[in-house]
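The following exercises ask the reader to work through the fold of a single chain, from its overall dimensions to its core. Each task is followed by a worked solution.

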Amino acid sequence: MYKCDDCDRVFDEPRRVVDGFEGHLYTTEVCPRCGGDSYRYAELCDRCGDPELASKMQYGFCHKCATETWKTYNAFLDALPEVQKDFLKGVLQDER
Ligand SMILES: [Zn+2]
Ligand SMILES: [Zn+2]
């Protein structure tokens, strides 16, 4: 699946159009909505199902879901009493 850089449309296959230049016919593949030829490979997020550029995916998560997950994680850590933070720090250091 692909995502258009120009209009953000997501599509499975680009539209093939036949074009001509100085008597030569050739086909180009373009965005089905706006006809632009600038589109990139996209994947669906495991969490929210939204399409995201493949280059921005992190372990199956889109940028938004990855950011939200880290926020939740950090908020969880911040809410812990110091003694539990120290415990987790110790455990995590041991695992390295
Ligand atoms: Zn487009
Ligand atoms: Zn997502």
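**Exercise 1. Describe helix α1 (residues 63–79) by its length and its burial.**

Solution. The model is a predicted one. Step one concerns length: α1 has 17 residues, and the distance from its first C-alpha to its last is 24 Å. This is close to the 24 Å expected at 1.5 Å a residue. Step two concerns burial: the count of buried residues among the 17 residues of α1 is zero, and the helix is hardly covered.

**Exercise 2. Establish the order of secondary structure elements in the chain and assess its overall dimensions.**

Solution. Begin with the inventory: the chain contains two helices and six strands. Along the sequence they follow the pattern β-β-β-β-β-β-α-α. Next, compare the radius of gyration with the globule rule. The chain has a value of 22 Å, whereas the rule gives 12 Å for 96 residues; the chain is therefore more spread out than a compact globule. The principal axes supply further detail, since the C-alpha trace spans about 75 × 25 × 15 Å along them. As for burial, 8% of the 96 residues count as buried. Finally, consider contacts between residues at least 6 apart in sequence: 37% of them join residues at least 24 apart.

**Exercise 3. Determine how strands β3 (residues 15–21) and β4 (residues 24–30) are paired, and how β3 is covered.**

Solution. First, the direction: β3 and β4 run antiparallel and are joined by seven bridges. Second, the register: Gly20 has Leu25 in β4 as its bridge partner. Third, the connection: the two strands form a hairpin with two residues between them, and in the turn Glu22 has a positive phi of about 50°. Fourth, the cover: none of the seven residues of β3 is counted as buried, and this strand is hardly covered.

**Exercise 4. Identify the strands that pair with β5 and give a residue pair for each.**

Solution. Take β1 as the starting point: β1 and β5 pair in the antiparallel sense over three bridges. Within this pairing, Cys4 has Tyr39 of β5 as its bridge partner. Turn then to strand β6 (residues 51–53), which is antiparallel to β5 and joined to it by three bridges. Here Glu43 stands opposite Glu52 in β6. The connection between β5 and β6 is a hairpin with six residues between the strands, and Gly49 in its turn has a positive phi of about 80°.

**Exercise 5. Name the residues of the largest nonpolar core and examine the surroundings of Tyr2 and Ala42.**

Solution. The core in question has five residues, namely Tyr2, Cys4, Cys31, Tyr39 and Ala42. Strands β1 (2–4) and β5 (39–44) each supply at least two residues of this core.

Consider Tyr2, which lies in strand β1. The cut-off for a buried residue is 20 or more other C-beta atoms within 10 Å. Tyr2 has 20 such atoms within 10 Å and is therefore buried. Beyond its neighbours within four places in sequence, Tyr2 is in contact with Phe11, Pro14, Tyr39, Arg40, Tyr41 and Ala42. The C-alpha atoms of Tyr2 and Pro51 are separated by 8.7 Å, although these residues are 49 residues apart along the chain.

Consider finally Ala42, again leaving aside neighbours within four places in sequence. Its contacts are Met1, Tyr2, Lys3, Val10, Pro51, Glu52, Leu53 and Ala54.

Note on methods:
Residues numbered from 1 in each chain as written. Chains lettered and ligands numbered in written order. Predicted model: local features only at pLDDT ≥ 70, side-chain atom pairs only at ≥ 80, totals over all residues. Core = buried A, V, L, I, M, F, W, Y, C linked by C-beta atoms within 7 Å. Buried ≥ 20, exposed ≤ 12 C-beta atoms within 10 Å, placed from the backbone. Helix = DSSP H or I, 4+ residues; strand = E, 2+ residues; numbered from the N terminus. Contact = placed C-beta atoms within 7 Å. Expected span 1.5 Å × (residues − 1). Pairing = 2+ DSSP bridges. Rg over C-alpha atoms; globule rule 2.2 N^0.38 Å.
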